[in-house]
Structures are given as structure tokens and as C-alpha cells.
Amino acid sequence: MKKILLIFTLVLAQFLASNAQVWVEKHTNMEFTWIPEGCFQMGCPSKNDLCYFDEKPLRKVCLKGFWISTKEVTLSQWKQFIKESRYNPKAKPEDLWGCTSVGKPEFEQKDNEPVVCVSWHDAVNFAKWLSKKTGLIFRLPTEAEWEYACKGSKGHLCSFGDAPPPGNFANYWSGFGGKSGKDTFKYTAPVGSFKPNDFGLYDMIGNVWEWVEDWYTIYNIPSKKEKKVVKGGSWESQAKLLRCSTRKAISPERRYDAIGFRLVVELPAPKPSVKAQR
Ligand SMILES: [Ca+2]
Ligand SMILES: [Ca+2]
């Protein structure tokens, strides 16, 4: 019975994801998915011992609907930005972690993998470039938007459930030998290599950490605006870290081989008559 229920849930998730309302930005071919207005429980339950203190407490947050990138921004889209804008920031060696230069990790990447080694400022400049190019407003998601999108319509702590699901669900740490994890990817995986959550979003947990707009603060405690938040864990995170509430404080100057980003675009809500375009 449990097995039938699991299969039904998976089929339903795929059906909902395949019926997600999407919009494609033509210049970069970047797809966005509509996340409907709603309230969710942000953070992690206080009784959950796996979560860190900075993910707690669980609190209700209500958001208007928004459009968010279906997948992480790819190396191909990043290369297009560099070529067209001639963006050429100086990277201090101490800000490069596992990177040879801006947008270039020490490992090989294919164009359909997520861009890494980009600072928070690089990500914001990418959004500004695309905004100028299209006349629309692109920006990083807020931490609340990102986490709501990650948790899906059921508010799952780990995108697909309240604990990391068994099996091949995301790209995470494969061990020092590489390819020893269930997902088989040693470093970054092509975006969309794993199943989407029930909003239709890919790789919210795992693959690469993702920059969000917010400064890092502890809930309800005033603090200095020194670091930005990255979300969701990456190819170098253990499976137990792959939660929607997982957060890390990183200097906005830092370029790291496990951090990328996705964007939000400020478009009107889709009309109810809009059909899925997949
Ligand atoms: Ca892996
Ligand atoms: Ca991710």
C-alpha cells in the first residue's frame, strides 16, 4: 500500500511540475516558472536536531506570486553575458576558492552546467545586464522567495519530503574518490539532471549553492551587513545538509566553486488561461 502511495505521489509531482506555468526569456533562453501567491513556514522546526540554530525558528511568511528561474543559471548563459557586456571584474586571489578566475573552477565544466566562481556582485551584474537588454527587471530572489520556491506546494523541508529522500534525488558530495555517491557526479552536474520539485523547479537542493538578495542575519537579532546568504547545499555538501532552510554566510566578494545563482523576473501574474508550454 505504501509503495502504491509513493508511486502515486511521484506521478502527481511530475504531473504538477509538467503543468507548471512557464515563461522563456528569448535572449538567453532562460526559463522561468510561476510560483503562486501563498504562505509557508520559513526555517526549520526547533525540535529538528539536524538543522543549525540559524535556520530556526519556524515562522509563517506570506508572499505574492513570482517568476523564478526553473534551473540554475548555466555556464553558457554566463559566457553570453561576458561576451556581450565585456564584464571583466578584478578578482583578488584571496577571494577565489577552488577557482582559477571569475566563472572558472579548477575542474572542467560543460556549458550546460551551472556557472560557479561568481561573487554576489557578479550575479547582480548579470541580472542588471539582462534587465538592460530586455527592458524587464531581473534580480536575485529574496531568501524567503527562494525558500518558499524550494519547499514546494507542500512546504517540504527537503524539497521532496521532510528528510533527504533515498536514492538519486540531487547532486551532493560524492566523497574524496568521486563518483562514490548515488548521484555519480563528482563536481557540478548539468542543470536539470534530477527530478523537479512539485513547483517544477530543478536543483533547488544540491548541485550549487545559490546566492540570494539578503544579508546574513540571525532571526530577530540585529547584526552587521557583512555577508550574504547562499542556500540549498551543493555538490560538496553531505546529503544531510540538503535542506531548503540550509543557509551559509558568505562575503559578497567571494568566488567559490560551489556557488552559483538563479534569478527572479518581475512579470505580471500569468492569466488563468495560460497553458503549459513544455
Ligand atoms: Ca555528487
Ligand atoms: Ca542548487
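**Exercise 1. The open sheet**

In what order do the five strands of the open sheet stand, and is their pairing parallel or antiparallel?

*Solution.* Before we start, note that this is a predicted model: local features need pLDDT of at least 70, side-chain atom pairs count only at pLDDT 80 or more, and totals for chains, interfaces and linings use all residues. Residues are numbered from 1 along each chain as its sequence is written, while chains are lettered from A and ligands numbered from 1 in the order in which they are written.

Step 1. Settle the terms. Helices (H or I, at least four residues) and strands (E, at least two) are DSSP runs, numbered from the N terminus, and two strands pair if DSSP finds at least two bridges between them.

Step 2. Read off the order: β1-β2-β5-β15-β9, with antiparallel pairing.

Step 3. Look at the edges. β1 (22–25) and β9 each have a single partner strand, so one side of each has no neighbour in the sheet.

Step 4. Take one pair inside the sheet. β5 (residues 66–69) runs antiparallel to β15 (residues 264–265), and two bridges join them. In this pair, Ile68 faces Val264 of β15.

Step 5. Add the helix. α4 (residues 143–151) packs on the sheet and touches β2 (30–35), β5 and β15. Contact here requires C-beta atoms, placed from the backbone, within 7 Å. The direction of α4 makes about 75° with that of β5; axes are lines fitted to C-alpha atoms, for helices over the stretch in contact, and angles run from 0 to 180 degrees between N-to-C directions.

**Exercise 2. Helix α3 and the core**

Describe helix α3, then find which residues have the most contacts inside the largest nonpolar core.

*Solution.* Step 1. Check the length. α3 spans residues 120–134, 15 residues in total, and its first and last C-alpha atoms are 21 Å apart, close to the 21 Å expected at 1.5 Å a residue. The expected span is 1.5 Å times one less than the number of residues.

Step 2. Find the buried positions. A residue is buried if 20 or more other C-beta atoms lie within 10 Å of its own, exposed if 12 or fewer, and partly exposed in between, with C-beta atoms placed from the backbone. In α3 the buried residues are Trp120, Asp122, Ala123, Phe126, Ala127 and Leu130. A helpful rule when reading such a list: an α-helix has 3.6 residues a turn, so residues three or four places apart point the same way.

Step 3. See what covers them. The cover includes α2 (75–85), β9 (138–139), β10 (209–215) and β11 (228–231).

Step 4. Move to the core. A nonpolar core is a set of buried Ala, Val, Leu, Ile, Met, Phe, Trp, Tyr and Cys residues joined through C-beta atoms within 7 Å. The largest has 67 residues, and Ile68, Ala123, Ala149, Trp211 and Ile259 have the most contacts inside it. α3 gives the most to this core, with five residues.

Step 5. Zoom in on Ala123. Leaving aside residues up to four places away in sequence, Ala123 touches Val118, Leu140, Trp211 and Phe261.

**Exercise 3. The partners of β10**

Which strands pair with β10, and in which sense does each pair run?

*Solution.* Step 1. With β14 (residues 259–260), β10 pairs in the parallel sense over two bridges, and Trp209 stands opposite Ile259.

Step 2. With β11, the pairing is antiparallel over three bridges, and Glu210 stands opposite Lys231.

**Exercise 4. Backbone oddities**

Locate the cis peptide bond, then two residues other than glycine with a positive phi.

*Solution.* Step 1. The cis bond joins Lys56 and Pro57, with omega about 0°. Pro57 sits in the loop between β3 (38–42) and β4.

Step 2. Cys117 has a positive phi of about 60° and belongs to the loop between β8 (104–105) and α3. Cys117 counts as buried because 27 C-beta neighbours lie inside 10 Å.

Step 3. Asp203 has a phi near 55° and lies in the loop between α4 and β10. Asp203 too is buried, with 28 other C-beta atoms within 10 Å.

**Exercise 5. Confidence**

Where is the pLDDT below 50?

*Solution.* Step 1. pLDDT is the predictor's confidence in each residue, from 0 to 100. The chain has a mean of 90, and 89% of its residues reach 70 or more.

Step 2. The stretch below 50 is residues 5–13, which has one contact in the model beyond near neighbours in sequence.

Definitions and conventions: Two residues are in contact if their C-beta atoms, placed from the backbone, lie within 7 Å.
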